[in-house]
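Here's a quick tour for anyone meeting this structure fresh. Take a look at it below, then read on for a couple of residues and some enclosed empty space.

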Amino acid sequence: MKPEIFKIEKFCPMRAGMTVSRSAKLVPQNAVSRGNVSVTWFSLGAGTSILPECYDTWVFSLGEAGEGVFRRPDADIMKFGKGDLLAVSPNTLCGVESRSGMLYTEIIMQREIIMNENIKSGEVLRLKELVSYEKDSIVNIDLAKNDAMKMALMAFDEGTGLQPHRAPGNAIVTALEGSAVIGYEGVDYEISEGESFRFEKNGLHSVTAKGRFKMSLILVLD
C-alpha cells in the first residue's frame, strides 16, 4: 500500500446485498502460520448479516462506518457503530447484522493476552471515551497486547507530538478526534477524524497534533 491518508471504505466498500471481508495485510507471514493474530476488514451491505460463530480466542471489533447490531444467544442486542469497540471472549457465540450497512475491523488475538481492565466482554464502548487528555502531555493506553500485536489509544494535548521514530512492525493509526500531521519518510500527511494511515515496519514517522487529537493504533509485530 502506498503512503496515503485513507478511509477504510476505500478498500472494503459496502455492497448492496453482500458481506465482504478483506485482510488489512498487517500480519507478517510467519505470524499467520502461527495463528497468533489476524486483522480483517468486514463490510455488510444493507440487510445483510453474519450468523453467530465463536472462536477459541479473543475477538475485537472496531466500528469504522455505518451501524448495526451484534447478537449473542444469551444476551441483549448490542448496537454498534462508528468509533465503537466490542470485545468478545473465547468460545462465545456472536453474530452481526445491519439494516443500513456497516463496516468494522475484526482483530483476532491468541488467548494469552494482557487486556485493559476497563474492557469487558460483550460491552460496546466508545473508543475515544476510554482515553482522556492531560495538559501539555501525551496519554497512551494499551487496550490489549501480546507478543504478536498491540491495540492502543493515544490522546495528544495541543502543542504535543511524537518525534520521528521507527516502529517494530506494521501499523495502522485511525484518527478518533481532531486532526494531526503525520510525517512519514520525509513527507507530511494531514489526518482528520475517521481517516487512517498505514506505517510499514521501520518506516520513519512522527505525529504532531493540530489542537487536541486522539487516535487508535493497531501494531502487528514480527
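Contact here means heavy atoms within 4.5 Å. Keep in mind as you go that this is a predicted model.

Let's start with Met-14, which sits in the segment before strand E1 (19-23). Not counting neighbours within four places in sequence, Met-14 is in contact with Ser-43, Leu-44, Ala-65, Gly-101, Met-102 and Leu-103. Met-14 is partly exposed, with a relative accessible area of 35%. As for Gly-95, 81 residues away along the chain, its C-alpha atom is separated from that of Met-14 by 18 Å.

Next up is Thr-57, found in the loop between strand E3 (48-53) and strand E4 (58-71). Buried means under 20% relative accessible area, so Thr-57, at 13%, counts as buried. The Thr-57 side chain reaches the backbone oxygen of Met-109 at 3.2 Å.

Now for the empty space. There are two cavities of 30 Å³ or more, and here's how they look side by side:

| Cavity | Volume | Lining by class |
|---|---|---|
| Largest | about 180 Å³ | 10 nonpolar, five polar, two charged residues |
| Second largest | about 30 Å³ | eight nonpolar, one polar, no charged residues |

Which residues come closest to the centre of the largest cavity? Of the 17 that line it, they are Glu-53, Tyr-55, Val-59, Cys-94 and Glu-106. E3, E4, strand E7 (94-98) and strand E8 (102-109) each supply at least two residues of that lining.

The second largest cavity has Leu-62, Leu-127, Leu-143 and Met-151 among its lining residues. Strand E12 (149-156) and strand E17 (204-221) are the elements giving two or more residues to this lining.

Methods
Residues numbered from 1 in each chain as written. Predicted model: local features only at pLDDT ≥ 70, side-chain atom pairs only at ≥ 80, totals over all residues. Heavy atoms only, no water. Helix = DSSP H or I, 4+ residues; strand = E, 2+ residues; numbered from the N terminus. Buried < 20%, exposed > 50% of the residue type's maximum accessible area, 1.4 Å probe, protein only. Polar contact = N/O pair within 3.5 Å; in protein donor to acceptor, adjacent residues only side chain to side chain. 1 Å grid on protein atoms, 1.4 Å probe; cavity = no way out; pocket = protein on both sides within 12 Å on 5 of 7 lines; lining within 4 Å. Points joined across faces, edges and corners; volume = space filled by probe spheres on them. Nonpolar A, V, L, I, M, F, W, Y, C, P; charged D, E, K, R; others polar.
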